[in-house]
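Student: Could you take me through one part of this protein slowly? I would like a close look at the pocket, and then at what sits around it.

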Amino acid sequence: MTSRERVKTSFAHRQPDKMAVDFGGFACSQMNALIVGKLRKYYGLREEPVKILDMSTMTGVIEPDLKEVLGSDVQFLDPRYDTFGHTCDNWKEWEYHGEKVLIPGNCTVTEDKKGGWYVYPMGDTCVQPSGH
């Protein structure tokens, strides 16, 4: 069975050849960016900074090569914006718990002076931060 057939069969409440698996196809099946990076390393995939899909959950994009190794059957559809209204493009480097990651280009993050971070809606520092 193809992944598509497997998922459709599962949705039809029929028995597929094996259980359909979803890693990263939907917001609720995402993983923390640090875990995504560790899985890439564990499976010997190209090491690269993980793209942060959503600054509110710090979930990372599970790229096609990792999805293939994990056996994921569900296709991820790129969202245009994250929950803070950042456009998911023009990625820039940022450090998250000592690891280099990529965040949306229009994302603005400032330190809270207590070891945390403030995240601003659509990168606009003229308003109060939306996330901490």
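**A close look at the largest pocket**

Tutor: The largest pocket has 17 residues in its lining, and those nearest its centre are Ile62, Pro64, Gln75, Phe76 and Asp78. Please keep in mind as you look that this is a predicted model. The volume of this pocket comes to about 340 Å³. By character, its lining residues split into 9 nonpolar, 6 charged and 2 polar. Two elements, β2 and α3, each give two or more residues to that lining. Of the elements, α3 contributes the most, with 3 residues.

Both of these elements also lead us to the nonpolar core. The largest such core holds 20 residues, and Ile52, Met55, Leu66, Trp94 and Ile103 have the most contacts inside it. Two or more of its residues come from each of α2, β2 (50-54), α3 (64-70), β4 (92-96) and β5 (99-103). Helix α2 supplies the largest share, 3 residues. As general background, nonpolar side chains in soluble globular proteins tend to be buried together.

Trp94 is a good residue to click on next. Setting aside residues up to four places away in sequence, tryptophan 94 touches Met55, Met58, Glu99, Lys100, Val101, Ile103, Val109 and Trp117. Two of these partners, Met55 and Ile103, are among the residues with the most contacts inside the core.

Now turn to helix α2, which spans residues 33-42 and includes arginine 40. Arginine 40 counts as buried because its relative accessibility is 3%, and the cut-off for buried is under 20%. Its side chain comes within 2.9 Å of the backbone oxygen of arginine 46. Beyond its neighbours within four places in sequence, arginine 40 is in contact with Leu45, Arg46, Glu48, Glu63, Asp65 and Leu66. Leu66 thus appears both here and among the core residues with the most contacts.

One last stop is helix α1, residues 3-11, where you will find valine 7. With a relative accessible area of 17%, valine 7 is buried. Apart from neighbours within four places in sequence, valine 7 is in contact with Ala20, Asp73 and Val74. You can also look from valine 7 to valine 21: they are 14 residues apart along the chain, and their C-alpha atoms are separated by 8.4 Å.

Terms used
Residues numbered from 1 in each chain as written. Predicted model: local features only at pLDDT ≥ 70, side-chain atom pairs only at ≥ 80, totals over all residues. Heavy atoms only, no water. Helix = DSSP H or I, 4+ residues; strand = E, 2+ residues; numbered from the N terminus. Buried < 20%, exposed > 50% of the residue type's maximum accessible area, 1.4 Å probe, protein only. Polar contact = N/O pair within 3.5 Å; in protein donor to acceptor, adjacent residues only side chain to side chain. Contact = heavy atoms within 4.5 Å. Core = buried A, V, L, I, M, F, W, Y, C linked by side-chain atoms within 4.5 Å. 1 Å grid on protein atoms, 1.4 Å probe; cavity = no way out; pocket = protein on both sides within 12 Å on 5 of 7 lines; lining within 4 Å. Points joined across faces, edges and corners; volume = space filled by probe spheres on them. Nonpolar A, V, L, I, M, F, W, Y, C, P; charged D, E, K, R; others polar.
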